[in-house]
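Dear colleague,

Please find below the structure that I agreed to pass on to you. My notes on it follow directly after.

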Amino acid sequence: GPGGGGGRGRGRGDRDDRDRLIENVVRINRSAAVVKGGRRFSFSALVVVGDGNGKVGIGYGKANGVPNAVEKGVKEARKSLFKLNIVDGSIPHPVKARYRSSVVTLEPASPGTGIIAGAGVRAVCEAAGIKNILTKSHGSGNPINVVKAVEAGLRLLKTRKSVEHLRGVKLEGNAGTWRHKQTKAGARKAAEAQAAEARQQQ
C-alpha cells in the first residue's frame with residue numbers, strides 16, 4: 001500500500017539488558033479511512049524479533065502512529081518466540097512450507113554462502129542467527145504471507161536425533177545437511193567423469 005516500507009530492516013537494541021534481542025521491521029503499511037473533516041491514517045508494522053542464536057518470533061502491530069505499531073508488533077513477536085535447530089550456521093535439512101498463497105523453500109548452505117533471500121526471509125534468518133541458507137519464494141509476494149511461510153518452515157525443522165527416534169532408524173552423520181549435498185554432487189561428478197572416460201576408451 002502507499003507509504004509501505006518494503007524490506008526496511010532495523011536492528012534496535014532492546015532496552016532490557018537481561019534479554020537482548022534483534023528487532024527487524026520488515027514492512028510498514030499505511031491505510032487511510034475517510035472521516036468527516038478529512039482522512040484518518042493508521043499504520044501496521046510487520047516485525048521480526050530474535051536472539052541471533054536459534055530463537056525467533058514474528059509479530060504484527062496496528063496503531064495510529066508508526067512507533068506504537070512497531071511496539072505492538074515487537075510485543076506480539078516476543079510472545080511468539082520459538083527455538084529452532086541450527087547446524088554449522090545453517091538449517092539441518094531442506095524444508096518447504098506454505099502459508100496461504102505463499103510457498104517458501106529453504107535449503108542448507110555451506111559456510112561462506114551467506115543468506116540468499118529476499119528482504120522478508122532475510123530479516124527472519126538474520127534474527128534467528130542463520131548465517132548460510134538458500135531460499136526460494138513462490139506464489140504471493142505479500143511480505144506477511146512470505147514471513148509466515150518462513151516461520152512455518154523453521155518450525156518444521158527437526159534434529160537428526162528426533163528423526164532417528166521417530167523412524168526407528170540410524171541416519172548418516174551428514175544426512176540432509178549441506179555436507180550431504182556436497183558429497184552427492186561430488187559422487188555425481190565422479191560418476192560422470194568415469195562414464196566419459198569409458199566412452200573415450202570404446
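Leaving out residues up to four places away in sequence, Leu 84 touches Gly 54, Val 56, Ala 128, Ile 130, Leu 154 and Leu 157. Please bear in mind that these contacts, like everything below, come from a predicted model.

The nonpolar cores

Leu 84 is among the residues with the most contacts inside the largest nonpolar core, together with Val 48, Val 56, Leu 106, Val 124, Ile 130 and Leu 154. That core has 26 residues. At least two residues each are supplied by strand E2 (38–50), strand E3 (55–63), E6, H2 and H3. The largest share, six residues, comes from H2. Another core lies apart from this one and has 12 residues, including Val 47, Val 49, Ala 63 and Val 70. As background, nonpolar side chains in soluble globular proteins tend to be buried together.

Helix H2

The burial of H2 deserves a separate note. Seven of its 10 residues are buried, and H2 is mostly covered. The buried residues are Gly 120, Val 121, Ala 123, Val 124, Cys 125, Ala 127 and Ala 128. Gly 129 follows the helix and has a positive phi, near 95°.

Glu 126 is also found in H2, but Glu 126 is partly exposed, at a relative accessible area of 39%. Beyond residues up to four places away in sequence, Glu 126 touches Ile 22, Asn 24, Gly 52 and Ile 115. Between Glu 126 and Gly 54 there are 9.9 Å from C-alpha to C-alpha, although the two are 72 residues apart in sequence.

Salt bridges

How many salt bridges does the structure hold? There are two.

In one of them, Glu 126 pairs with Arg 122, and the closest N and O atoms are 3.9 Å apart; the pair qualifies because the cut-off for a salt bridge is 4 Å. Glu 126 and Arg 122 are four residues apart in helix H2 (residues 119–128), a separation of about one helical turn. In general, an α-helix has 3.6 residues a turn, so residues three or four places apart point the same way. Arg 122 is partly exposed, with a relative accessible area of 32%.

The other salt bridge joins the side chains of Arg 155 and Glu 151, at 3.3 Å from N to O. Here too the partners are four residues apart, about one turn, in helix H3 (residues 143–155). Are Arg 155 and Glu 151 buried or exposed? Arg 155 counts as partly exposed, at 46% relative accessibility, whereas Glu 151 is buried, with a relative accessible area of 10%.

Strands and pairing

E1 (residues 22–35) and E2 run antiparallel and are joined by 13 bridges. Within this pairing, Asn 24 stands opposite Val 48 in E2. The hairpin of E1 and E2 has two residues between the strands, and Gly 37 takes a positive phi near 95° there. Asn 24 has already appeared above as one of the residues that Glu 126 touches, and Val 48 as one of those with the most contacts in the largest core.

An open sheet of four strands follows the order E5-E6-E8-E7, and its pairing is mixed. Strand E5 (95–99) and strand E7 (115–116) are the edge strands, each of which pairs on one side only. E7 pairs with strand E8 (residues 133–139) in the parallel sense, over two bridges. Ile 115 stands opposite Ile 133 in E8. Ile 115 is also among the residues touched by Glu 126.

Ser 102

Ser 102 is placed in strand E6 (residues 102–108). At 0% relative accessibility, Ser 102 counts as buried, because the limit for that class is under 20%. What does the side chain of Ser 102 reach at 2.7 Å? The partner is the backbone oxygen of Ser 140. Neighbours within four places in sequence aside, Ser 102 is in contact with Ala 97, His 138, Ser 140, Asn 142, Asn 145, Val 146 and Ala 149.

With kind regards

Notes:
Residues are numbered from 1 along each chain as its sequence is written. This is a predicted model: local features need pLDDT of at least 70, side-chain atom pairs count only at pLDDT 80 or more; totals for chains, interfaces and linings use all residues. Side-chain values use heavy atoms; hydrogens and water are left out. Buried means under 20% relative accessible area, exposed over 50%, partly exposed in between (1.4 Å probe, protein chains only). A polar contact is a pair of N or O atoms within 3.5 Å; within protein, one must be able to donate a hydrogen and the other to accept it, and residues adjacent in sequence count only if both atoms are side-chain atoms. Contact means heavy atoms within 4.5 Å. A nonpolar core is a set of buried Ala, Val, Leu, Ile, Met, Phe, Trp, Tyr and Cys residues joined through side-chain atoms within 4.5 Å. Two strands pair if DSSP finds at least two bridges between them.
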